[in-house]
Amino acid sequence: MYGISGHKHVTHVKYLSTSLMTVDILDYGCGNRTLEQSLGFQIKNYDPAISGLDTPPEPADIVVCTDVLEHIEPEYLESVLDDLKRVTKRAAYAVVDLIPAKKTLPDGRNAHLILESGNWWLEKLIPRFSIRAVSVTLKKAYFTLGRL
């Protein structure tokens, strides 16, 4: 089972929503849509791995991308980051795992295909977004981003 951690970020997403006075939110890599369920109102949901949610999304004021980027095949990361920029009208909130996943893929690779430092991720985001806030722990990097 994947895509079940969106609800863990509801406090920060509600803060962004309130501070920007918008409920135009896109959960990019929504999985089981737990963020939407926790928010209590309808948002846009996109997940390329889920039929019915796999249509390329329209831009939204706030884009949320939590526990997704580390799962991207490395050769597609630049394209995914460019798409995140495309769909972000005002702000984005991204959370990236920095340690190996507990799960492995059928081919034996760790489910976290990109294991890099918070600084490495920051360098990937800087050309595409203004950086509003960064917090890095041993396990995760949290980025609040603005549109350039």
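Helices here are DSSP runs of H or I with at least four residues, strands are runs of E with at least two, and both are numbered from the N terminus. With that naming in place, I shall present this structure, which is a predicted model.

Let me begin with α1, the helix of residues 10-20. Its buried residues are V10, V13, L16, S17 and L20. Viewed along the axis of α1, these residues keep within an arc of 125 degrees, and so they line one face of the helix. The face turned away from that buried side carries T11, Y15 and T18, which are exposed. The elements covering the buried residues of α1 include β1, α2 (34-39), β3, β4, β5 and β6. Just after α1 comes M21, which takes a positive phi of about 55 degrees.

I turn next to α3, which spans residues 77-87. Which residues of this helix are buried? They are L77, V80, L81, D83, L84 and V87. These residues cover an arc of only 160 degrees around the axis, which puts them on the same side of α3. As general background, an α-helix has 3.6 residues a turn, so residues three or four places apart point the same way. The partners against which the buried residues of α3 pack are β1 (25-28), β3 (60-66), β4 (88-97), α4 (118-125) and β5 (129-136).

One of those partners, α4, deserves its own description. G118, W121, L122 and L125 are the buried residues of α4. Down the axis of α4, they fall within an arc of 105 degrees, so they line one face of the helix. N119 and E123, on the other side of α4, are exposed. The buried residues of α4 pack against α3, β4, β5 and β6.

How do α3 and α4 meet, in angle and in distance between axes? The two pack at an angle of about 60 degrees, and their axes are 11 Å apart. This angle makes α3 oblique to α4. On the side of α3, the contact is made by L77, E78 and L81; on the side of α4, by W120, W121, K124 and L125.

Two neighbours in that contact invite a closer look. Searching the whole structure yields two aromatic pairs. In one of them, W120 and W121 are edge-to-face, at 5.0 Å centre to centre and with 85 degrees between the planes. Are these two residues buried or exposed? W121 has 0% relative accessibility and therefore counts as buried. W120, at 28% relative accessibility, counts as partly exposed, because buried requires under 20% and exposed over 50%.

Finally, the nonpolar cores. The largest nonpolar core has 26 residues, and those touching the most other members are Y28, L69, L84, W121 and F143. Two or more residues come from each of β1, β3, α3, β4, α4 and β6 (140-147). The element giving the most to this core is α3, with five residues. Apart from this core lies another, of 13 residues, among them L20, I25, L35 and Y93.

Let me close with Y28 of the largest core. Leaving aside residues up to four places away in sequence, Y28 touches Y46, P57, V63, V64, C65, V68, V80, D83, L84 and V87. Among these, V80, D83, L84 and V87 are buried residues of α3.

Methods
Residues are numbered from 1 along each chain as its sequence is written. This is a predicted model: local features need pLDDT of at least 70, side-chain atom pairs count only at pLDDT 80 or more; totals for chains, interfaces and linings use all residues. Side-chain values use heavy atoms; hydrogens and water are left out. Buried means under 20% relative accessible area, exposed over 50%, partly exposed in between (1.4 Å probe, protein chains only). The arc is that of the directions from the helix axis to the C-beta atoms. Contact means heavy atoms within 4.5 Å. A nonpolar core is a set of buried Ala, Val, Leu, Ile, Met, Phe, Trp, Tyr and Cys residues joined through side-chain atoms within 4.5 Å. Rings of Phe, Tyr and Trp (its six-membered ring) pair if their centres lie within 6.5 Å; planes under 30 degrees apart count as stacked, over 60 as edge-to-face and the rest as tilted. Axes are lines fitted to C-alpha atoms, for helices over the stretch in contact, and angles run from 0 to 180 degrees between N-to-C directions. Angles under 35 degrees count as roughly parallel, over 145 as roughly antiparallel, 65 to 115 as roughly perpendicular and the rest as oblique.
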